[in-house]
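Work through the exercises below with the sequence and the model at hand. Each task is followed by a solution in steps.

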Amino acid sequence: MSPVASSSLKVGHLDDVQELRKYRPTAVPERYVREGAERPTVSALGEAPASMQIPVIDLWKLAHGGPYRARKELEKLSVACEDWGFFQVVNHGIDSVLLERMQRVSEEFFMLPLEEKEKYPMAPGTLQGYGHAFVFSEDQKLDWCNMLALGVEPPFIRNPKLWPTNPPKFRETLEAYSANVRKLSQALLRFIAMSLGLKPQKFNKMFGTAVQAVRMNYYPPCPRPDLVLGLSSHSDGSALTVLQQSMGPVGLQIVKGKTWVPIHPIRNALVINIGDTIEVLTNGRYKSVEHRAVTNKDRDRLSIVTFYAPSYEIELGPLPEFVDKNHPRMYRRYNHGEYSRHYINNKLDGKRSLEFAKIQNKS
Ligand SMILES: O=C(O)CCC(=O)C(=O)O
Ligand SMILES: [Fe+2]
């Protein structure tokens, strides 16, 4: 994919938030301070009661639970995708030792000295390496986050120079982890297809050789979590996203109605969300829900996020099964590679990226 020509971008000086934090500041630099409505506590949206939780889906029950339990779990999955766009999955089959190893090597990477991490620089306007993604101008507000993003599959999207050799176990751990997450994504897509009354392999067949990328987000403690965002609000440009988060404080929040709902970490569970591709294919029945990350005053947080998406050459649009008199077509047909380019060349801004495909229905 061709990113924005980096020479055409003027993004100003970008601080590294872990370096900023070393001086134990009590204030945050102006570039991180959000406008009122975007601030986590003075948000246009309210705060959800702590009891409000996204559904938890048991993959074992779906796959092996017998006809009754599997059907019940499939109904739960359908509600999760339709009403929430997010769920946590347990008994997903990925060994907890591998999850822990992945978390450890990621943490070790972020704890390296800056010079070491800067050996894998993310060029402005691209989405691979260590640095600041989605920054396109000098006046854009910055996220309180450090990122390492890597293309994983198919092999041609990899930039091996940006795969850390330090920590030494990083590469092999990411390979093993990604192979497992790929299988899980395919299994989930089978059940999601079934929950929609489609043939189980509908999405997997249609996607061709799926594109898989990983992003590790590290959020250091922040002296003013009330003023900044760890990650700006957005929906994911993937078909499906698989997110592993550390057991610490809540960071991920999703929009539900008029509230920001916190996603409380469950040990060894993975957070799954519907991305823009599934929203388009189902003509909006399953939605890619807006989400963001907030920071914490005393504790850091890590998320390891896998984006699973169709092959770039695939043409996408709402499937005929989801378009009728009562459900007019909401999205045009487009090429997925073109959408991916559009997504990475625009700042994260709620669901704005998907405007790319929206049909303005006259009502
Ligand atoms: O850190 C999180 O929980 C949110 C990460 C996320 O939404 C993303 O990387 O797309
Ligand atoms: Fe996301």
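## Exercises on loops, a helix and a ligand shell

Asparagine 91 sits in the loop between S3 and helix H4 (96–110); helices (H or I, at least four residues) and strands (E, at least two) are DSSP runs, numbered from the N terminus. The model is predicted: local features need pLDDT of at least 70, side-chain atom pairs count only at pLDDT 80 or more, and totals for chains, interfaces and linings use all residues. Residues are numbered from 1 along each chain as its sequence is written, while chains are lettered from A and ligands numbered from 1 in the order in which they are written.

**Exercise 1.** Describe the backbone and burial of asparagine 91 and asparagine 283.

*Solution.*
1. Most residues other than glycine have a negative phi.
2. Asparagine 91 has a positive phi of about 50°, and asparagine 283 has one of about 55°.
3. Asparagine 283 belongs to the loop between helix H8 (276–281) and S12.
4. For burial, count other C-beta atoms, placed from the backbone, within 10 Å of the residue's own: 20 or more is buried, 12 or fewer exposed, in between partly exposed.
5. Asparagine 91 has 16 and is therefore partly exposed; asparagine 283 has 20 and so counts as buried.

**Exercise 2.** Check the length of helix H3 (residues 66–84) and find its buried side.

*Solution.*
1. The expected span is 1.5 Å times one less than the number of residues.
2. For the 19 residues of H3 this gives 27 Å, and the end C-alpha atoms are 26 Å apart, which agrees.
3. The buried residues in H3 are Glu73, Leu77, Ala80 and Cys81.
4. They cover an arc of only 85° around the axis, so they lie on the same side of H3; the arc is that of the directions from the helix axis to the C-beta atoms.
5. Pro67, Tyr68 and Glu75 are exposed on the face turned away from that side.

**Exercise 3.** Which residues surround ligand 1, and which strands supply at least two of them?

*Solution.*
1. Take residues whose C-beta atom, placed from the backbone, lies within 6 Å of the ligand.
2. They are Arg215, Asn217, Leu231, Asp236, Leu243, Gln245, Gly251, Leu252, His291, Ala293, Ser303 and Val305.
3. Strands S6 (211–219), S8 (240–245), S12 (291–293) and S13 (301–309) each supply at least two.

**Exercise 4.** Where are the cis peptide bonds at proline 154 and proline 167?

*Solution.*
1. Glutamate 153 and proline 154 are joined with omega of about -10°.
2. Asparagine 166 and proline 167 are joined with omega of about 5°.
3. Proline 154 is in the loop between strand S5 (146–153) and H6, and proline 167 is in the loop between S5 and H6.
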